[in-house]
Amino acid sequence: MTLAVTTPAWAHVGFQEEQIPAGGAAQVSLRVPEEPEAAGEFTTMVKLFLPQGATLGTVTAAEVAGWTSAVAADSVTWTNSATQVGEEVHLFGVSFSSVPTTPGRLEFKAIQTYNTGREVRWIDPYPAGAEEPQFPSPVLDVVAGATEVTSAGAGDDDGDDHDA
């Protein structure tokens, strides 16, 4: 039996928010779709690498049911503590206490690991204005403006933009 999966453009790992304000704090949601290549395949780990050279202050990860998180100096890792997952999309909340004061693009990298050992490396550079690559790195555009952004869905993965 072969499982055919279509991968629409929205099915990439990326942030729900496209922009965050310069010089403030931000709480964003990393959106991670399930894209199984085989029946029974599901995500067991997501590792988000912070942009090199960017100062983001204190980085914290929101609690997500069924997942544990660990924050390191250069990354945030979420590990699935369940043996199976039913969601099509996971939302992982992450907060930065200090966003750079200069507008520009923050380019993260992410690795999504499945229970089969397969890894999807969301690391292709994605400069502003460029055509989207096959495996684009998650990006946030830092813009001049408000002092804080908060994601309504951080840690809530039912897709309704409301916390549970």
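Start by selecting His 90, which sits in strand E8 (residues 89-96). Strands here are DSSP runs of E with at least two residues, and helices are runs of H or I with at least four, both numbered from the N terminus. This is a predicted model, in which local features need pLDDT of at least 70 and side-chain atom pairs count only at pLDDT 80 or more, while totals for chains, interfaces and linings use all residues. Residues are numbered from 1 along each chain as its sequence is written, and side-chain values use heavy atoms, with hydrogens and water left out.

Is His 90 buried or exposed? His 90 is buried, at a relative accessible area of 1%. Buried means under 20% relative accessible area, exposed means over 50%, and partly exposed lies in between (1.4 Å probe, protein chains only). Now add Glu 34 to your selection: its side chain and that of His 90 are joined by a polar contact of 2.7 Å. Such a contact is a pair of N or O atoms within 3.5 Å; within protein, one must be able to donate a hydrogen and the other to accept it, and residues adjacent in sequence count only if both atoms are side-chain atoms.

**Next stop: strand E10**

Select residues 109-114, which make up strand E10. Five of its six residues are buried, so E10 is largely enclosed by the rest of the structure. Strand E4 (residues 43-49) pairs with E10 in the antiparallel sense over six bridges; two strands pair if DSSP finds at least two bridges between them. Look for Leu 48, opposite Ala 110 in E10. Ala 110 also stands opposite Trp 122 in E11. Strand E11 (residues 119-122) is antiparallel to E10, with four bridges between the two. E10 and E11 form a hairpin with four residues between them, and Gly 117 in the turn has a positive phi of about 95 degrees.

**Salt bridges**

Stay at that hairpin and select Arg 118 with Glu 37. They form a salt bridge, with the closest N and O atoms 3.4 Å apart. The pair links distant parts of the chain, 81 residues apart: Glu 37 is in the loop between strand E3 (25-33) and E4, and Arg 118 is in the loop between E10 and E11. A salt bridge is a side-chain nitrogen of Lys or Arg within 4 Å of a carboxyl oxygen of Asp or Glu, and by this rule there are four. Glu 37 is exposed, at 55% relative accessibility, whereas Arg 118 is buried at 18%.

In E11, pick Arg 121 and Glu 119, a salt bridge with its closest N and O atoms 3.7 Å apart. Salt bridges that share partners also join Glu 37, Glu 41 and Arg 118 into one network.

**An open sheet**

Which strands form the open sheet of three? Select E2, E12 and E9, in that order; their pairing is mixed. Strand E2 (19-21) and strand E9 (104-107) are at the edges with a single partner strand each, so one side of each has no neighbour in the sheet. E2 runs parallel to strand E12 (residues 139-143), joined by three bridges, with Pro 21 opposite Val 143. Asp 141 and Arg 105 meet in a salt bridge of 2.7 Å, N to O.

**Last stop: confidence**

Colour the model by pLDDT, the predictor's confidence in each residue from 0 to 100. The mean is 84, and 80% of residues reach 70 or more. Among the elements, strand E5 (residues 59-61) has the highest mean pLDDT, 98, and strand E13 (residues 148-150) the lowest, 50.
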